[in-house]
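The following exercises invite the reader to study a molecular structure step by step. Each task is followed by a worked solution.

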Amino acid sequence: MSRKKAAKRPKLAREGFAGRIHYFVERAFINIRQNLLVTLLTIGTITLAFLILSLSLLIYVNLERVTENWSDRVQVTAYFENDLSPGDLATLKSKIRALEGTGDMRYVSQEEALRTFYGRLKGQEALLEGVSSDILPSSLEIHLKKDSRDSKSIALYVERLKKLPMITEVQYGEEWVKRFSHFMNLVRFAGILVAGFIVLAVVFIVANTIKLTIYARKDELELMGLVGATRLFIKVPFLIEGIVQGFVGAALAILVLSGVYLAFLHNADFFFSFNTMEAGLLFLPVTYLIALLFGGAALGFLGSLASLKRFISL
Amino acid sequence: MIQLHNVFMSYQGDGAALSNVTLKINKGEFIFLTGVSGAGKSTLMKLLYGALRPTRGQVVIDGINVTKLPSSQLPFLRRKIGVVFQDFKLLPSRTVLENVALTLEVMGWGKKDINKRVYHVLKQMGMEHKINSTPLRLSGGEQQRIALARALVNEPKIILADEPTGNLDEESREKVLAILKEANVRGSTVVVATHDKRLIENCHKRLIVLDNGRIVEDSDVA
């Protein structure tokens, strides 16, 4: 039987790494266009899931700021019998600075203490008639660094402080600090728990949405295998689609959140704050935004990868 | 070109779909595979394009033992085989051009060459005017011809067609058969699984009859 020469294989379109990548990206975008409705639904679902996540992050970031503001009030006061000479004060300050956890500090002389006392008894100054500054002790108000503001660290710090010379007494509002520490731990625990659930929910929603879109195209996957496509050839465009869907979903969520923030939240009164002058909510820091975008892309990629494993039987 | 040695195939929980099938199909042959529903035609076809692996026995295609072929090598074997599926398996979201081009795309052909080749094959089948249509807008006969075009576009060594004329009218049936014969003349080995007795009688080609998973008649052997 006469056999005609087989179809001559023309030059490969995907020669070289760049050629292959170009082909796969082009294929992925053509697939997106051809399955526009499914893609839009997927992106919409991912956007909603990421909106919930980013909104929770926004609340978390602002709650963190509030607790940070509150913890700024944690202060240790060291009292002295009399005013310290500048030399003694300098020596003591350097010794205190050497203690772990020491932040800013401020010396309050006997004179200044009396002035403050006067200020507090405004209208009843007659009570202090004839009182001299000698009856009040001078003191050093010490702010602690952020990491040393829990009750255990403060107790340890105070113990060390008491061993230093010239200090007669140390006060730090022990009960308040303990309660504050417990509250902070509770906030952190609740934050981690809620964030954990939300992240789990988002992973679940995104992975399953992508799984459904791939399931809807399982005939395409099967056919590609039957006409001789390699596993890589089948998978790569789908993985790129997953990355694009995840990234665009996360980006849209950030855009919506920005819109809501600009329209309503940025000038909302912040009732948690002790400082009544402080108003408005913080937006998510850039690092969080980048993490959200990459998280979206990574979830899209992993969701596609996991789903493809189920549907490619090559 | 195709050899089966003592092939057994059974699905989990079911009886044997194929029992002790031994078969040799030479290069350039055109054969009909027939039998009642459940006789094992589709299972045999699936073994030939590597969608199934036999429970026992050997399947050799173009010198390659499919039974021992690693999955990573299977795509390269499939590029030598054009398959026409009973349900066409056309992608509804892609155009006729893109459906037929898929076979060449997976082989890495360039866009220009693909377009030229696909147009040429569609013209041979009288379908070039439908190049930008989507399969859902085509009749059954037209869809079948597109499925044939996809199987033939890279001029494979082997063409496997599972019920290629099922549900087609007389005219479409003739066209499909003519296309398969033309491919055979060009050198492809053609295996057609069919129920269609008229098709078999009109062609006078080698006939293999399956019954209950066994070859009960082979006109070549007879």
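**Exercise 1: Chain B as a whole**

Of the 222 residues in chain B of this predicted model, 44% count as buried.

Task: Determine how many helices and strands chain B has, and how its radius of gyration relates to the globule rule.

Solution. Begin with the inventory: chain B holds seven helices and 10 strands. Next, consider the radius of gyration, which is 17 Å, close to the 17 Å that the globule rule gives for 222 residues; chain B is therefore as compact as a globular protein of that length. Along the principal axes, the C-alpha atoms occupy a box of roughly 45 × 40 × 35 Å. Finally, turn to the contacts in chain B with a separation of 6 or more: residues 24 or more positions apart account for 68% of them.

**Exercise 2: The sheet of six strands**

Task: Establish the strand order of the six-stranded open sheet in chain B, and identify which strands stand at its edges.

Solution. The order of the six strands in chain B is 6-7-8-3-9-10, and their pairing is mixed. Strand 6 (81-84) and strand 10 (214-218) of chain B each have a single partner strand, so one side of each is left without a neighbour in the sheet. On average, neighbouring strands of this sheet are turned by 20° against each other, direction ignored.

Within the sheet, strand 3 (residues 30-34) and strand 9 (residues 206-211) of chain B run parallel and are joined by four bridges. B:Leu33 has B:Ile208, in strand 9 of chain B, opposite it. Helix 6 (residues 170-185) of chain B packs on the sheet, where it touches strand 3, strand 7 (158-162) and strand 8 (189-193) of chain B. The direction of this helix makes about 150° with that of strand 8 of chain B.

**Exercise 3: The sheet of four strands**

Task: Describe the order and pairing of the four-stranded open sheet in chain B.

Solution. The strands follow the order 2-1-4-5 in chain B, with antiparallel pairing. Strand 2 (16-25) and strand 5 (64-65) of chain B are the edge strands, each pairing on one side only. Strand 4 (residues 56-61) of chain B runs antiparallel to strand 5 of chain B, and two bridges join them. B:Ile61 has B:Ile64, in strand 5 of chain B, as its bridge partner.

**Exercise 4: Burial in two helices of chain B**

Task: State how many residues of helix 1 of chain B are buried, and decide whether B:Val121 is buried or exposed.

Solution. Helix 1 (residues 41-48) of chain B is mostly covered, with six of its eight residues buried. These are B:Lys41, B:Thr43, B:Leu44, B:Met45, B:Leu47 and B:Leu48. After helix 1 of chain B comes B:Gly50, which has a positive phi near 75°.

B:Val121 belongs to helix 4 (residues 111-124) of chain B. The cut-off for burial is 20 or more other C-beta atoms within 10 Å. B:Val121 has 24 other C-beta atoms within 10 Å and is therefore buried. Not counting residues up to four places away in sequence, B:Val121 touches B:Val100, B:Ala149, B:Leu152 and B:Val153.

**Exercise 5: Two helices of chain A**

Task: Classify the mutual direction of helix 2 and helix 6 of chain A.

Solution. The axes of helix 2 (residues 36-71) and helix 6 (residues 174-216) of chain A come within 10 Å and cross at roughly 170°. Angles over 145 degrees count as roughly antiparallel. Helix 2 and helix 6 of chain A are therefore roughly antiparallel to each other. Their contact has 21 nonpolar, seven polar and no charged residues.

Note on methods: Residues numbered from 1 in each chain as written. Chains lettered and ligands numbered in written order. Predicted model: local features only at pLDDT ≥ 70, side-chain atom pairs only at ≥ 80, totals over all residues. Pairing = 2+ DSSP bridges. Axes fitted to C-alpha atoms, helices over the stretch in contact; angles between N-to-C directions. Contact = placed C-beta atoms within 7 Å. Buried ≥ 20, exposed ≤ 12 C-beta atoms within 10 Å, placed from the backbone. Rg over C-alpha atoms; globule rule 2.2 N^0.38 Å. Parallel < 35°, antiparallel > 145°, perpendicular 65-115°, else oblique. Nonpolar A, V, L, I, M, F, W, Y, C, P; charged D, E, K, R; others polar.
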